[in-house]
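Here is a short briefing on one chain. The topics are a surface patch, a set of strands and some charged pairs.

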Amino acid sequence: MFKLLRDSIFRPRNIIAYRAKPFWFSLLYFLMILVFGVELSNSRPFAHTKMTYEDKLLMTQALHESNGKIEDYKYTGTRSVSFEAMGFEIGFMPNTESLKEFLESSTPDFVVIGEKIYSLTYISTRAIITEVDKLSSYEELNGLDFTQVTTENAALNNFITSFANKFRWNHVLRYAGVNAGSIILVWFGITLISFIFMLVLYQANQFMKVGQLFKMLFYSGTAIALYEIFTLVLGISTIYVFVLGLFALIPVFALERQIKLRIRLYQMSKGLIKDEELMKKLQELNDKINGIIRNDNNNDNDEGDDE
C-alpha cells in the first residue's frame, strides 16, 4: 500500500500496474488515508488535556482587555475576545450582533454569548453554531470580574478545564464527521469527474474494464485527498489553496494521459489509425514511457536489495 501511495503521487504512470487489485485492497487503502486524515485534523484537542501556565496567561490577558464580568450568569463586556486553552479556541461575546464580524478575525471552537455557550463547526467558510450549555451550570462563575482575574483564579480555571473536558469528545466527533465528509467528497468528486471525462471523451469503456478504470483514477486522486487533509489541518483559505489544488491534480492528468496513450496504441495495433506520422509519434512516446517505467522498477529492486 505504501508503494501505491508513493506511485500515486510521484509516479502516476505506474498506477496502471495496480488496476487488477481486489476490492478489499482498495477499501483498505481508502480507509488508511481517511483515518490518517481524520486523526491528523483532530489532533490538536487531544494534545492539550490540561491547562498550562501559558494557557492561563493568555486567557487572563485576553479577559482583562474585555472589561467584562459575569452578572446573573450572563457575560457582559465592552468587547469580544478569544484565547487558546486546552487545544481549543474559546471566545466571549456580550451579544450576537457582532458575531459575523467576530468570526472574520477569529475561529473559536466554543463561544460564550450572553448566558449561553455554543459550539462552532466550520464547513469551508461557513460556521455551524450549536448551543451546548449555559453559564448557569457553573455557579462559581457568577459575579466574576474579568479585569481582576489572575492565572491562579480557581473558578475560571475550573470552568475552562471542566467545560473543555466535558465537550471534548462531542466536538471532536462532530469535526471528525465533517472532515471525513469533506475528504470523501473531494476525493470521490474528482474521481467521478475524471471517470466521466474518460468515458465520454475517449470512450475508455470500449478498451478496458470500467471497474479497473475507476479504480486507477481513484488511486490517482490520492494527492487530492492529501491536499484536502492539508488544508483542513492548517486552515488555509487564501489563493494558495487554489495553487496547491492545481498541483494536486497533476497525478490525475498524468494518468489520464497514459490511459489515452494506451487507447491510441490499441487502436494503432488494430489498424484504426491511418496517420503514419501520428503512429510514429505514439510509438516513440510509448517507448520513452516504458523506458522510464523500467528504470523506476529497477530502482525499486535496487532499494529492495539494499535493504
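L28 sits in helix α2. The model is predicted. L28 counts as partly exposed because its relative accessibility is 42%, between the 20% and 50% cut-offs.

**Nonpolar surface patch**
- L28 belongs to a nonpolar surface patch of about 830 Å².
- The other members are M1, F2, F23, W24, L27, L31 and V35.
- Helix α2, residues 23–41, gives the most to this patch, with six residues.

**Strand β5 and its neighbours**
- Strand β5 spans residues 110–113 and is covered on both faces.
- F110 and V112 are buried on one side of β5, and V111 and I113 are buried on the other.
- Strand β4, residues 88–93, runs parallel to β5, and four bridges join the two.
- M93 has I113 of β5 as its bridge partner.
- Helix α5, residues 99–105, completes a right-handed β-α-β unit with β4 and β5.
- Strand β6, residues 116–123, runs antiparallel to β5, again with four bridges.
- V112 stands opposite I117 of β6.
- The hairpin of β5 and β6 has two residues between the strands, and G114 takes a positive phi near 65° there.

**Salt bridges**
- Side chains of opposite charge can pair when their charged atoms come close.
- The structure holds four salt bridges, including the three described below.
- R6 and D7 meet through their side chains at 3.1 Å, N to O.
- R6 counts as partly exposed because its relative accessibility is 23%, whereas D7 counts as buried because its value is 2%.
- R79 and E65 form a salt bridge at 3.9 Å, N to O.
- This pair links distant parts of the chain, 14 residues apart: R79 is in the loop between β2 (75–76) and β3 (81–85), and E65 is in helix α4 (residues 53–66).
- R79 is partly exposed at 41% relative accessibility, and E65 is partly exposed with a relative accessible area of 45%.
- K116 and E131 form a salt bridge, with their closest N and O atoms 3.8 Å apart.
- K116 lies in strand β6 and E131 in strand β7 (residues 126–134), so this salt bridge ties together parts that are 15 residues apart in sequence.
- K116 is partly exposed at 25% relative accessibility, and E131 is partly exposed at 39%.

Key
Residues numbered from 1 in each chain as written. Predicted model: local features only at pLDDT ≥ 70, side-chain atom pairs only at ≥ 80, totals over all residues. Heavy atoms only, no water. Patch = residues over 30% accessible without salt bridge, like charges linked within 9 Å, V, L, I, M, F, W, Y side chains within 5 Å. Areas by Shrake-Rupley, 256 points an atom, 1.4 Å probe, with all protein chains shown as cover. Buried < 20%, exposed > 50% of the residue type's maximum accessible area, 1.4 Å probe, protein only. Pairing = 2+ DSSP bridges. Right-handed = clockwise from strand over helix to strand, strands pointing away.
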